[in-house]
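Student: Could you take one part of this model and go through it closely, keeping to what the coordinates support? I would like to follow a set of charged side chains and how they are placed.

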Amino acid sequence: MDFNMKKLASDAGIFFTRAVQFTEEKFGQAEKTELDANFENLLARADSTKNWTEKILRQTEVLLQPNPSARVEEFLYEKLDRKVPSRVTNGELLAQYMAEAASELGPTTPYGKTLVKVAEAEKRLGAAERDFIHTASINFLTPLRNFLEGDWKTISKERRLLQNRRLDLDACKARLKKAKAAEAKATTVPDFQETRPRNYILSASASAAEQELRVAQTEFDRQAEVTRLLLEGISSTHVNHLRCLHEFVESQTTYYAQCYRHMLDLQKQLGRFPGTFVGTTEPTSPPLSSTSPTTTAATMPVGPSVAGLGPPGEAALCLEEVAPPASGTRKARVLYDYEAADSSELALLADELITVYSLPGMDPDWLIGERGNKKGKVPVTYLELLS
């Protein structure tokens, strides 16, 4: 019990001395040991790494889980060391609603068939999103979180210890300075019999202050070296985070590529259903009688013409009458099979080469494609332009 009380009293004395030294430094009444410029740069670099890592971590969490309530729930589960419950993605939930709607509205109707196909695609998109979130959490978020909760806590602990060692060192310097000043003042007093004991006490006090200063300087230097080594390890942290960033980009690229393939497949599937919209205007029959040639021209059917080549109100040109532009044509490789929705489009086979060109006023998502004597509209997303 006595030992504990003595230790408590000693700790209280050290804390009080550090508090006095820190306060006097803030008011400019005490000198402060400055760290070298390289050490200060390491500190600033470490602080910057910590701050930006926190911001990147938080924003990546928002990207992967936009719902703040869900993020708070996942955070609580992690703090309680419990498994986070499985949660359906937005795409999977949408797929569920679409499938239920198709079942109730009629899966054999054109609308019901389309709902079923879109639901299947949305379900695949949701599964791809789930895989992306899982991969990004393991390969990117976990290393960043480990740095903040592991390495950075160790660095912060050693920095606080270094700060205490510096306060102890500066307090010892201040005591030694006062002891030296008192000893120097005592030497100017005449050597009377009654002043000799006091001089001995002052000299012993100065010697003790010098010994405390040497011990404090040694502890400060040792702690500064430990902290310096930890701060220099930030370079290794940057290398590790760089690798994790590459893995995050790769997983994100894979995710978006999967989404792109799923949507292309869905687009091709929707084009096979009669009565579904594929981006072209359905032909309309002209009236049985017309009162003027102008009315007849305005209500002519689109038929095999190329939609979007001319302004509204003008008769559209037939494909056989469309000539390549003066600027020339380009070769393109077909990426995927494509079934023509009507006679104005050109059916495509994967990996075949065709000649393509565009005309003024034409929809930028479509080109005119030629294969031998056949000619028709082709979607740009199915092509890879070669020259």
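Tutor: In this predicted model, a good place to begin is the salt bridge in which the side chains of Arg 333 and Glu 384 meet, with N and O 2.6 Å apart. This pair links distant parts of the chain, since Arg 333 belongs to strand 1 and Glu 384 to strand 5 (residues 383–385), and their positions lie 51 residues apart in the numbering. Glu 384 is partly exposed, its relative accessible area being 33%, and Arg 333 is likewise partly exposed, at 27%. Arg 333 also forms a salt bridge with Asp 351, where the closest N and O atoms are 3.0 Å apart. Because Arg 333 sits in strand 1 (residues 330–334) while Asp 351 sits in the loop between strand 1 and strand 2 (353–357), this second pair ties together parts that are 18 residues apart in sequence. Asp 351, with 55% relative accessibility, counts as exposed. Through shared partners, the salt bridges join Arg 333, Asp 351 and Glu 384 into one network.

The search of the whole structure finds 14 salt bridges, and another of them can be set beside this network. Arg 166 forms a salt bridge with Asp 170, the closest N and O atoms being 2.6 Å apart. Here the two residues are four apart in helix 5 (residues 110–187), which means that about one helical turn separates Arg 166 from Asp 170. Both Arg 166 and Asp 170 are buried, whereas Asp 351 is exposed.

How values were computed
Residues are numbered from 1 along each chain as its sequence is written. This is a predicted model: local features need pLDDT of at least 70, side-chain atom pairs count only at pLDDT 80 or more; totals for chains, interfaces and linings use all residues. Side-chain values use heavy atoms; hydrogens and water are left out. A salt bridge is a side-chain nitrogen of Lys or Arg within 4 Å of a carboxyl oxygen of Asp or Glu. Buried means under 20% relative accessible area, exposed over 50%, partly exposed in between (1.4 Å probe, protein chains only).
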